[in-house]
Amino acid sequence: MPELPEVETVRRGLAPWIVGKKIKKIELVHKGGNRSSTYAPLSSVEGAKVENLVRRGKFLWFELNRDLALVAHLGMSGQFIIQRRSADVEKHLRVRIDCGDRKREIRFIDQRTFGWVAIDKLVREDDELIPQSFARIAPDIFDKKFDRTAVISKFQKKNSAIKRVLLDQSVMSGVGNIYADEALWRAAIHPERISKKLSEQEISTLLDAVSFVMSEALKQGGTSFDDLYINVNGESGYFDVELEAYGQEDEPCSRCGTQIRRITFGNRSSHFCPTCQPKRSAKRKDEAKKVRVKRG
Ligand SMILES: [Zn+2]
């Protein structure tokens, strides 16, 4: 499933094809390609100029010179590709966008139909107008609006597993299963530890790890673990080979050699190293030892 680095790769690939261009025509080829709660039909943005292509978390916003926003989410398997107009229509083609290029058009293709392209109304956030979909999620770690101190304090209030909080798009957006497992491995934190019991230092280390793994993945064009994620030219990302935890069940941990384990909770798989990522924090282990020593 595409996460921040994959969506950002798509954004960077699409931008030169669409920013500064007019949407001549936008065609919904299959109704599954449009979110049912779209504010208006896709065709209502025909004739609008795309002024910028912005990402928040896993959402894309085609900023227009009108009071409407064109937004998109790749879901599990959505793909934007630049295709020759004359190319055969793909089986899962959902939306096509004509930006006036003589030879090429933008196609949105989606095998599993959780992705969509839609029209949002604009709503106010601070002193800016943003699409309604953006307003529902928190800024991601690369956003200028990301407030690290506030995010740490949100983590410190959550009484649930740290992995679950990492995936909560209202705390911080953009992180999905792959980069959550990778960041937890890097920060040596067990996925099931309770968020509010982590120290400020541990959460800070975890945020650094999130930022690091996503930046590294972005350099490689993202992760194409399930082969469905591709960039706008139809190419895969290459971060898969650098994964340390996600999908590495039974492989030796590169730090300590222990086999990576996979557990399931909350309908999701989590991959971690049982040695590097103990379920109890080192500090609490020390305290437990002290108690035992005193009693002994
Ligand atoms: Zn290890």
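Here are legends for close-up views of this predicted model.

**View 1. An open sheet built from four strands.** Follow the strands across the sheet and you will meet them in the order β1-β6-β7-β5, with antiparallel pairing. The edges belong to β1 (25-28) and β5 (78-84); each has a single partner strand, so one side of each is left without a neighbour in the sheet. On average, neighbouring strands here are turned by 20° against each other, direction ignored.

**View 2. Where β5 meets β7.** Let's stay with the edge strand β5 and look at its pairing with β7 (residues 104-110). The two strands run antiparallel and are joined by seven bridges. To find your bearings, look for R84, which stands opposite R104 in β7.

**View 3. The zinc ion and its cysteine donors.** Four SG atoms coordinate the zinc ion, coming from C253, C256, C273 and C276, at 2.2 to 2.4 Å. The angles among the four donor atoms are 98 to 113°, and the site is tetrahedral. If you want to trace the donors along the chain, their spacing reads C-x2-C-x16-C-x2-C. Of these donors, C273 and C276 are buried.

**View 4. Helices α3 and α6 packed together.** Two packed helices are described by the angle between their axes and the distance between the axes. For α3 (residues 148-155) and α6 (residues 200-219), the angle is about 120° and the axes lie 10 Å apart. That angle makes α3 oblique to α6. As for handedness, the crossing of α3 and α6 is right-handed.

Note on methods:
Residues numbered from 1 in each chain as written. Predicted model: local features only at pLDDT ≥ 70, side-chain atom pairs only at ≥ 80, totals over all residues. Heavy atoms only, no water. Pairing = 2+ DSSP bridges. Axes fitted to C-alpha atoms, helices over the stretch in contact; angles between N-to-C directions. Donors = N, O, S within 2.8 Å, 3.2 Å for Na, K, Ca; no water. Tetrahedral: all angles 85-135°; square planar, octahedral: opposite > 155°, others 65-115°. Buried < 20%, exposed > 50% of the residue type's maximum accessible area, 1.4 Å probe, protein only. Parallel < 35°, antiparallel > 145°, perpendicular 65-115°, else oblique. Left-handed = near helix turned anticlockwise from the far one by under 90°.
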